[in-house]
Amino acid sequence: MSGLIQLDAGLDPALSGGELQVREPATGRPIAVVSLAAAEDVNPAVAAAAQAQPGWAATPPTGRAAVMRRAAAVLERHRQEIVDLLVREGGSVRGKADFEVGAVLDELWSAAALPTRPNGHVLASEPGRESFARRVPLGVVGVISPWNVPLVLAMRAVAPALVLGNAVVVKPDVHTPVSGGRVITRLFEEAGLPAGLLQVLPGDAEVGEALVRHPDVPMIAFTGSSAVGARIGAVAGGMLKRVSLELGGNNALIVLDDADLDAAASAGAWGSFFHQGQICMAAGRHLVHRAVADRYLELLADRASKLRLGDPFREEVDLGPVIGERQLDRVERIVRESVAAGAVVLAGGARRGPFFEPTVLAGVTPDMPAFTEEVFGPVAPVTVVADDDEAVELANRTAYGLTAAVQTGSVRRGRAIADRLRTGMVHINDQTINDEAHVPHGGRGASGNGTRHGSEHSWDEYTQWQWLTVRETPARYPF
């Protein structure tokens, strides 16, 4: 079977932002050279997408759904190739990369089910007139996607937006222009998506700004940092555009005094160390009842000390590299400043080349950077709480509101806490990193603007209402 992605496919003469050598974060070795977009490339991309969109919207729903199913079949055939690419380009361990491909398949199959669902309803009206409310496409949807889970966090917007009749312009992050951009292009090319409907513009913040400001892009779907999301929201709001924002998180994992501590430590380790902690849903704060804190810390530190660091493409490892020098500096600073303020390193705490050791910090207080900031690295800060009320108060002591988890021997007690947490998602007797293609995925506060990803909500996000009335006989009026 020939490969889907040719890493030496050459440069795209349509893009004018120069070229970028894509390197493995684990080794620094080059794996591809790609063309970058510049701000001036946004206009022709949007124009091409807008020209192709009406014909696509007029395509029968079953025809649009069939493209999604064919794209899923292409991905299945090339699954191992895409897994390898996610490992090499983004520093994913193989388990994470394979899970991501599976999640993309779920997104494509869920999207395929959307266009044949009822898309409106009949309204009461006067005799001689029929009145309908129906959903119609927005037009051209802009998608700005991140580097940490590049394929699924782009596809969860691209697939539903396309299948519901829109065209899409995607700006993937420059860290992952292949897995977050070229892969998506190739999947839909092979699936028979009509030309022009999907435009991919790998580029920097200037390209994203131009996409957000373009007058012919009525919606932006952005996943990334809260600071950038606030900027996008401000610009889009000034232009009266729709915007979907999934932003950062500083998520609490609460461990009650009746929890199964071994299971809780397993969940805590996974929640903080999965994909090197580079997940918006990562467990950023472990809030543990005083009665069980020492044992929980012992179990968590033991798990952290046994995790293997290394190049995930060439070794069997549990954690791969941090994405780049800037992020490594950030993680190192947060750990260093928290230790200077009194936190104690029970495991890890050091950087090793492009890697950061899985780190457990004890004695973290609410004024330390490890508590107040989103680390986005493999760090588990543990704060001791006196009771359930303090756990809830500290969990809510953040501007973020993405997700949370509660470990307890009493589901009733866990649900009572969940009712008091100001987050978009809560998981009882699980960890914080959970997602499925059909759920209302999103946060509140600094974690999002109330929009939701997930197939059940895609009609709300990627279409708009239109009121349609029909008369067999034209109405006559006094004038």
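These legends walk you through four close-up views of a predicted model.

**View 1. A salt bridge joins Glu-24 and Arg-314.** Welcome to a good starting point: of the salt bridges in this structure, which number 31, this view picks out the one between the side chains of Glu-24 and Arg-314, with 3.1 Å from N to O. Glu-24 sits in the loop between β1 (19-23) and β2 (30-35), while Arg-314 belongs to the loop between α10 (290-306) and α11 (325-340), so the pair ties together parts that are 290 residues apart in sequence. Look at the surroundings of each partner as well. Glu-24 is buried, at 3% relative accessible area, whereas Arg-314 is partly exposed, at 37%. The pair also has company: a network of salt bridges links Glu-24, Arg-88, Asp-311 and Arg-314.

**View 2. Glu-190 and Arg-186 pair up within helix α6.** Here we stay inside one helix, α6, which covers residues 178-191. Glu-190 and Arg-186 are four residues apart, about one turn of the helix, and their side chains meet in a salt bridge of 3.1 Å, N to O. How accessible is Glu-190? Its relative accessible area is 45%, which makes Glu-190 partly exposed. Arg-186 counts as partly exposed too, with a value of 21%; the buried class takes in residues under 20%.

**View 3. Lys-306 and Asp-302 form a salt bridge in helix α10.** This helix may sound familiar from the first view, where α10 (290-306) was named as one end of the loop that holds Arg-314. Within α10, Lys-306 and Asp-302 are four residues apart, about one turn of the helix. A distance of 3.1 Å, N to O, is found for the salt bridge between their side chains. Is Lys-306 buried or exposed? Lys-306 is exposed, with a relative accessible area of 59%. Its partner Asp-302 is partly exposed, at 36%.

**View 4. Ala-347 is buried in strand β12.** For the last stop we leave salt bridges and turn to Ala-347, found in strand β12 (residues 344-347). Its relative accessible area is 8%, so Ala-347 is classed as buried. Which residues does Ala-347 touch, apart from neighbours within four places in sequence? The contacts are Ala-301, Ala-304, Pro-358, Thr-359 and Val-360. Val-243 gives a sense of scale: 104 residues from Ala-347 along the chain, its C-alpha atom lies 41 Å from that of Ala-347.

Technical notes. Residues numbered from 1 in each chain as written. Predicted model: local features only at pLDDT ≥ 70, side-chain atom pairs only at ≥ 80, totals over all residues. Heavy atoms only, no water. Salt bridge = Lys/Arg side-chain N within 4 Å of Asp/Glu carboxyl O. Helix = DSSP H or I, 4+ residues; strand = E, 2+ residues; numbered from the N terminus. Buried < 20%, exposed > 50% of the residue type's maximum accessible area, 1.4 Å probe, protein only. Contact = heavy atoms within 4.5 Å.
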